[in-house]
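Student: I've got a new model up on my screen and I'd like to understand the labels people put on it. Can you walk me through them?

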Amino acid sequence: MTSKLKTVAGRLRAVWMLLLVGVVLSVTSPVFLTPTNLLNVALATSVAALLAAGQTYVIILAEIDLSVGSALGFSAVVTALTLGTYGLVPALAAGLATGAAIGLINGLLVTRTRMPSFIATLATMSVFAGLTLHITSGNPIPVTDYDFQGIGQARFAGVPVPVWIMLVAFGVFGFVLARTRFGRYVYATGDNVEAARLSGIRVHRVKVLAFVISGVLASLAGFVITARLSTAQPTAGAGLELDAIAAVIIGGTSLAGGRGTLLGTLVGALVLGVIDNGMNLLDVSPFLQDVVKGLVILLAVFLDRNVDVLRRLVPRRAAQPPARTPELAQHI
């Protein structure tokens with residue numbers, strides 16, 4: 001295998017994990033490979049995948065955003081309250097603006113106050129979770145708008161709309177990350193922030209925009225889960241930030257920054273979705289499901305941190321000297 005192929009294989013190791021889990025479940029459960037079940041897997045994955053897409057931008061910068069779950073819940077509540085008074089379009093705009101504002105706050109806290117992103121977003125996670133519970137008094141807000149419900153419950157060409165939203169979001173933001181100047185700035189800043197600054201990149205602006213993208217995608221995930229449930233649950237996003245981070249890590253994005261793709265993140269989210277679905281099909285205890293997911297995350301991080309060590313353990317064939325031709329042998 002050439003060096004280039006080894007690099008591609010390493011970046012797409014989540015694909016091998018997905019294939020392995022898929023093969024095991026297809027053997028152990030006859031229901032797994034049915035079209036209906038596979039669509040259910042994609043539908044169940046859509047919310048965490050949207051959160052993970054924004055989280056990818058942040059982690060490539062060697063930062064982290066723990067507030068995406070709270071941003072989802074807070075923006076969903078704002079959307080539901082606006083929807084009942086002003087209608088669909090203002091509600092969607094208010095939800096997206098709320099997510100962007102939360103991302104902006106996170107980005108400014110990290111860049112202007114020099115707080116570690118772990119601490120800053122841990123604080124905003126608590127703040128917005130508390131505000132959500134205060135506004136709603138802990139009660140869900142019903143959503144009866146038929147058009148809004150279609151975001152989470154309708155189908156297009158036989159595929160649930162949330163799956164289309166997920167694919168379009170990954171396509172758009174994947175293109176931005178891989179094919180635009182801003183995307184190159186994200187990778188450069190994550191790889192070496194000081195070198196990026198010296199080369200003229202406004203690293204603070206790049207980080208703020210990455211957090212804003214994370215907040216916007218969290219609000220989009222809030223639309224999906226609210227429309228699916230027909231209610232804005234104050235605790236809808238609780239714990240989802242961990243699933244999002246896990247999907248990013250499994251997808252091959254380095255916690256040290258400078259490396260990662262949205263394709264890998266999408267596959268990582270599908271790995272978690274398939275594992276959840278498979279364990280439900282096999283009637284595995286929900287307590288053990290968390291154990292399995294934790295072990296998968298540990299395996300992904302281990303592979304990321306020790307890939308060079310593992311390569312050295314694989315024996316390589318010694319290079320053979322070129323065979324001597326008869327003419328060369330005569331001269332010797």
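Student: What percentage of the 332 residues of the protein count as buried?

Tutor: 46% of them do. Buried is under 20% relative accessible area, exposed is over 50%, and partly exposed is in between, using a 1.4 Å probe and protein chains only. This is a predicted model, where local features need pLDDT of at least 70, side-chain atom pairs count only at pLDDT 80 or more, and totals for chains, interfaces and linings use all residues. Residues are numbered from 1 along each chain as its sequence is written, and side-chain values use heavy atoms, with hydrogens and water left out.

Student: Why is threonine 98 called buried?

Tutor: Its relative accessible area is 12%, and the cut-off for buried is under 20%, so the label fits. Threonine 98 sits in helix α5, residues 88-112. Helices here are DSSP runs of H or I with at least four residues, strands are runs of E with at least two, and both are numbered from the N terminus. Leaving out residues up to four places away in sequence, threonine 98 touches Phe74, Ser75 and Val78, where contact means heavy atoms within 4.5 Å.

Student: And what makes valine 31 partly exposed?

Tutor: Valine 31 has a relative accessible area of 41%. That is neither under 20% nor over 50%, so it lands in between. Valine 31 is in the loop between α2 (13-28) and α3 (35-60). Setting aside neighbours within four places in sequence, valine 31 contacts Asn37 and Leu281. Its C-alpha atom is 9.5 Å from that of glycine 278, which is 247 residues away along the chain.

Student: Why are α4 and α11 called oblique to each other?

Tutor: The axes of α4 (residues 68-86) and α11 (residues 203-229) cross at roughly 60° and come within 8 Å. Those axes are lines fitted to C-alpha atoms over the stretch in contact, with angles from 0 to 180 degrees between N-to-C directions. Under 35 degrees is roughly parallel, over 145 roughly antiparallel, 65 to 115 roughly perpendicular, and the rest oblique. The angle falls in the rest, so α4 and α11 are oblique.

Student: Which residues of α4 meet α11?

Tutor: Val68, Ala71, Leu72, Ser75, Ala76 and Thr79 do, and their partners in α11 include Ser214, Ala218 and Phe223. By class, that contact has eight nonpolar, six polar and no charged residues. Ala, Val, Leu, Ile, Met, Phe, Trp, Tyr, Cys and Pro count as nonpolar, Asp, Glu, Lys and Arg as charged, and the others, Gly among them, as polar.
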